[in-house]
Amino acid sequence: MKEVKKKVFELLYNRLSEYGFERKKNNNYVRVVNDNALQIIGFTYSSHSEKHVIYVNPDIGLLYKDIDALMVVLTGWGNRMKTLSPIIGYPIGYLMPERSFIEWRFAKDEPVDEEANKMGDAIIKYGLPYLDRLSDKDNMIYEMEINGGAMCDYILPIEYYLRGHKEEAYFFVEEVLKRRTLDFPIEEYKAMQSIYGEDAIQIPPNKELDSYLPFAEKFKKMIEDERA
């Protein structure tokens, strides 16, 4: 399938280079907005157990260097600049009118131009306006405040902090801790234990809270140290 991918991404490169995108490693396409922001088009792949077939899904996102730098310090996660991984974004299908996951299918020994061009059309029509909109940080923050998202609990307090709104950032993190605590159905588990016994019903860890705690503790300590 290497030859199929090569043909697909050569065609995409021809389309996207007209808009200032450069092809990087792993077939990521990157456009520099300014010294701080990068627009990134990446891809995920699947075969869905079909032989000699590849399904391609474009992921559309933004990477802000200042947010990423502080996130590395506070989370211990890898530097996204090295992998060209966005901090915010969506699979292209969720930016299209269908608002659902979509892939394009390519098979060995079949023409790729029509499907590759359809994918390119979708990226250009729906992905690029999204990237341009979120290249303005105010728009990015507004979208995250309205729609949330997996990275919202990390990105928003970091951006508030970078803007000098340290107390707002601190309060936001405390509210996330409360939410992740209250969302865990501890009382339901206790009720089940009262019926079936503690040996039969084990209370699992609160993974949502546990995964956030290291970041929250470091973030709050950073602000508390600056208060002193």
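Two residues are in contact when heavy atoms of theirs lie within 4.5 Å. Keep that in mind as we walk through this predicted model.

Start with Phe106. Leave out residues up to four places away in sequence, and Phe106 still touches Met1, Val4, Val8, His52, Val53, Ile54, Val56, Val112, Glu115, Ala116 and Met119. Phe106 also belongs to the largest nonpolar core, which has 66 residues. Within this core, Phe106 is among the residues that touch the most other members, together with Ile41, Ile123, Met140 and Phe219. Helix H4 gives the core its largest share, nine residues. A general trend fits here. In soluble globular proteins, nonpolar side chains tend to be buried together.

Now look along helix H4, which spans residues 113–134. Leu131 lies in this helix. Is Leu131 buried or exposed? Its relative accessible area is 0%, so Leu131 is buried, because buried means under 20%. Which residues does Leu131 contact, leaving aside its neighbours within four places in sequence? They are Phe21, Gln39, Ile40, Ile41, Ile60, Gly61 and Leu62. Ser49 is another matter. Leu131 and Ser49 are 82 residues apart in sequence, and their C-alpha atoms are 33 Å apart in space.

Next come the aromatic rings. The whole structure holds twelve aromatic pairs. One of them joins Tyr90 and Tyr130 edge-to-face, with 5.8 Å from centre to centre and 65° between the planes. This pair links distant parts of the chain. Tyr90 sits in strand S5 (residues 88–91), Tyr130 sits in helix H4, and 40 residues separate the two. Their surroundings can be read from the accessibility values. Tyr90 has 27% relative accessibility, so it counts as partly exposed. Tyr130 has a relative accessible area of 2%, so it is buried.

A second edge-to-face pair is formed by Tyr160 and Phe172. Here the centres are 5.9 Å apart, and the planes make an angle of 80°. Why does this pair tie together separate parts of the chain? Tyr160 lies in helix H6 (residues 152–162) and Phe172 in helix H7 (residues 166–182), so the parts it joins are twelve residues apart in sequence. Both Tyr160 and Phe172 are buried.

Rings can also gather in groups. Trp77, Tyr154, Tyr161, Tyr212, Phe215 and Phe219 form a cluster through ring pairs. Phe219 has appeared before, as one of the core residues that touch the most other members.

Some rings have a charged partner. The charged end of Arg227 sits over the ring of Tyr170, 4.2 Å from its centre. Lys137 lies over the face of Tyr64, at 5.2 Å from the ring centre.

Charges also meet each other. How many salt bridges are there? The count comes to 21. In one, Arg15 meets Asp121, and the closest N and O atoms are 2.7 Å apart. Arg15 lies in helix H1 (residues 2–16) and Asp121 in helix H4, so this bridge ties together parts that are 106 residues apart in sequence. Arg15 is partly exposed at 22% relative accessibility. Asp121 is partly exposed too, with a relative accessible area of 40%.

Another bridge connects helix H9 (residues 207–227) with helix H7. Its partners are Glu226 and Lys166, with 2.7 Å between the closest N and O atoms. The two residues are 60 apart in sequence. Glu226 is partly exposed, at a relative accessible area of 37%. Lys166 is partly exposed as well, at 32% relative accessibility.

Salt bridges can share partners. That is how Asp66, Lys137, Asp138, Glu159 and Arg163 join into one network. Within it, the side chains of Glu159 and Arg163 meet at 2.6 Å, N to O. Is Glu159 buried or exposed? At 2% relative accessibility, Glu159 counts as buried. Arg163 is partly exposed, with a relative accessible area of 37%. Lys137 has two roles here: it belongs to this network, and it lies over the face of Tyr64.

Finish with Lys220, in helix H9. Its relative accessible area is 18%, so Lys220 is buried, because the cut-off is under 20%. Beyond its neighbours within four places in sequence, Lys220 contacts Tyr170, Val173, Glu174 and Leu177. Tyr170 is familiar: its ring has the charged end of Arg227 over it.

Note on methods: Residues numbered from 1 in each chain as written. Predicted model: local features only at pLDDT ≥ 70, side-chain atom pairs only at ≥ 80, totals over all residues. Heavy atoms only, no water. Phe/Tyr/Trp six-rings, centres within 6.5 Å; stacked < 30°, edge-to-face > 60°. Helix = DSSP H or I, 4+ residues; strand = E, 2+ residues; numbered from the N terminus. Buried < 20%, exposed > 50% of the residue type's maximum accessible area, 1.4 Å probe, protein only. Lys NZ or Arg CZ within 6 Å of the ring centre and 35° of its normal. Salt bridge = Lys/Arg side-chain N within 4 Å of Asp/Glu carboxyl O. Core = buried A, V, L, I, M, F, W, Y, C linked by side-chain atoms within 4.5 Å.
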